[in-house]
Amino acid sequence: MKSTDLFKKTHIYSILWLLFFVMSSIHPSYAGYGLKMKDAYLTFFIEIDDKQIAKLVGLPLEGEYYYDIRQAKLIFSPAYTENAYYVSVLPMERGLPKALFSRDSKKDGKLLLGYDTQKWSLSTNSIDCKDVYSSKELGKKLKFNMTDIARINLALAYITGQKLSHPCLSHVISKAAGNLIGLPLHSYSLLDRSDFVVESIVEDKNLDLHVITTDVSLFDDDAQAKYLETLLASPAYHSYLQTVELLGDSGITKVKALKQLLENPENRRKILPAQE
């Protein structure tokens, strides 16, 4: 081979490598995981990237929603605005009852999605809430466990004005308990006899890092009022305006009025689950 040909080939390979490096820097890809979950009402998806950011897909909400596992924060961009907001879950856990777990080792070993599971019973305030089959190994592998699922539920309930008054629906699962129990693959509610199931887990070796803006604002009363207004069905909006006119238009007054109206499911606007 002539030296000029060798130089041309080497030069081309260098350019290709450089282009790959530049593109990888713009859209870096890492190993991540996609989880398909199903409860009594909804099938939804969680995509966890290498930086422990989980994207929530398939929720009956408009906009984009992410959960920062390390910081226990929900970060979201509502569809009606270009602004992004965050809520910290840890302050929400103050004052909530702690979930207690008891192990039923005689029923261990149920194989789900190729993983051995352990059987746990969850109770809160002396109330038996649910039976859980979980994988400690899978929770450690994904760095995502029952604590994170409970925190996501708390955050979503908070921003949408859902009242979780029952201790089985609103409780604290400590990080230590989450690490011990791992990721729940199947749970059975002793309240409404419904199931929660992780239907599939896919390892994606080319998952792009989730792009989240760093310009995020605290989800204060004014922001929450605006958000809750978009969830209100048209017939109930007139009642809301009357309340605001009577009691004032401060953020906290609006939030209180909106939450009271949204307690009635008929006052909530029907939103279809978002799909990618």
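This is a short talk on the structure shown above, moving from the whole chain down to single residues.

Hi everyone, thanks for coming. Please keep in mind throughout that what we are looking at is a predicted model.

Let's begin with the overview. The protein chain carries 8 helices and 14 strands. It has 276 residues, and 41% of them count as buried. If you take the contacts between residues at least 6 apart in sequence, 63% join residues at least 24 apart. As for the outside, the protein chain exposes about 16,100 Å², with carbon and sulfur atoms supplying 54% of that area.

Now to the inside. In soluble globular proteins, nonpolar side chains tend to be buried together. Here, the largest nonpolar core has 52 residues, and the members touching the most others are M37, F144, I159 and Y227. Which helix gives the most to this core? That is α4, with 6 residues.

Let me stay with F144 for a moment. Setting aside residues up to four places away in sequence, F144 touches M37, I46, I48, I69, G139, I149, I152 and L183. Apart from the core around F144 there is another one, of 11 residues, including A99, L122, M146 and C168. Please remember I46, L122 and C168 from those lists, as they will come back.

Next, some strands, starting with β3, which covers residues 53–57. Is β3 largely enclosed or open? It is largely enclosed by the rest of the structure, because 5 of its 5 residues are buried. If you look along β3, I53, K55 and V57 point one way, while A54 and L56 point the other way. Notice that K55 is buried along with the others.

What flanks β3? On the earlier side in sequence, β2, residues 43–48, pairs with β3 in the antiparallel sense over 4 bridges. Here is I46 again: it stands opposite L56 in β3. The hairpin of β2 and β3 has 4 residues between the strands, and Q52 takes a positive phi near 60 degrees.

On the later side, β3 pairs with β4, residues 63–68, also antiparallel and over 4 bridges. The bridge partner of L56 in β4 is Y65. So that you can find the turn: β3 and β4 form a hairpin with 5 residues between them, and G58 in that turn has a positive phi of about 95 degrees.

Let's move along to β10, residues 118–124, which is mostly covered, with 5 of its 7 residues buried. One partner of β10 is β7, residues 100–103, in an antiparallel pairing over 4 bridges. Within that pairing, R103 has W120 in β10 as its bridge partner. β10 also pairs with β11, again in the antiparallel sense, over 7 bridges. There we meet L122 once more, standing opposite K130 in β11. The hairpin of β10 and β11 has 2 residues between the strands, and N125 in the turn shows a positive phi of about 50 degrees.

Strand β11 leads us to the cysteines. How many disulfides does the structure hold? It holds 1. The disulfide joins C129 to C168, with an S to S distance of 1.9 Å. C129 sits in β11, and C168 is in the loop between α4 and α5, so the pair links distant parts of the chain, 39 residues apart. The torsion about the S-S bond is about -80 degrees, which means the disulfide is left-handed. Both C129 and C168 are buried.

One polar residue also deserves a look: S187, in strand β12, residues 183–189. Buried or exposed? S187 counts as buried, because its relative accessibility is 7%, and the cut-off for buried is under 20%. Beyond its neighbours within four places in sequence, S187 is in contact with K130, D131, V132, S194, D195 and F196. K130 is the residue we just saw opposite L122.

Finally, helix α8, residues 251–262. This helix has 12 residues and reaches 16 Å from its first C-alpha to its last, close to the 16 Å expected at 1.5 Å a residue. Its buried residues are G251, T253, V255, A257, L258, L261 and L262. What covers them? The cover includes α6 and α7.

That's my tour. Thanks for listening!

How values were computed. Residues numbered from 1 in each chain as written. Predicted model: local features only at pLDDT ≥ 70, side-chain atom pairs only at ≥ 80, totals over all residues. Heavy atoms only, no water. Buried < 20%, exposed > 50% of the residue type's maximum accessible area, 1.4 Å probe, protein only. Contact = heavy atoms within 4.5 Å. Pairing = 2+ DSSP bridges. Areas by Shrake-Rupley, 256 points an atom, 1.4 Å probe, with all protein chains shown as cover. Expected span 1.5 Å × (residues − 1). Disulfide = S-S within 2.5 Å. Core = buried A, V, L, I, M, F, W, Y, C linked by side-chain atoms within 4.5 Å.
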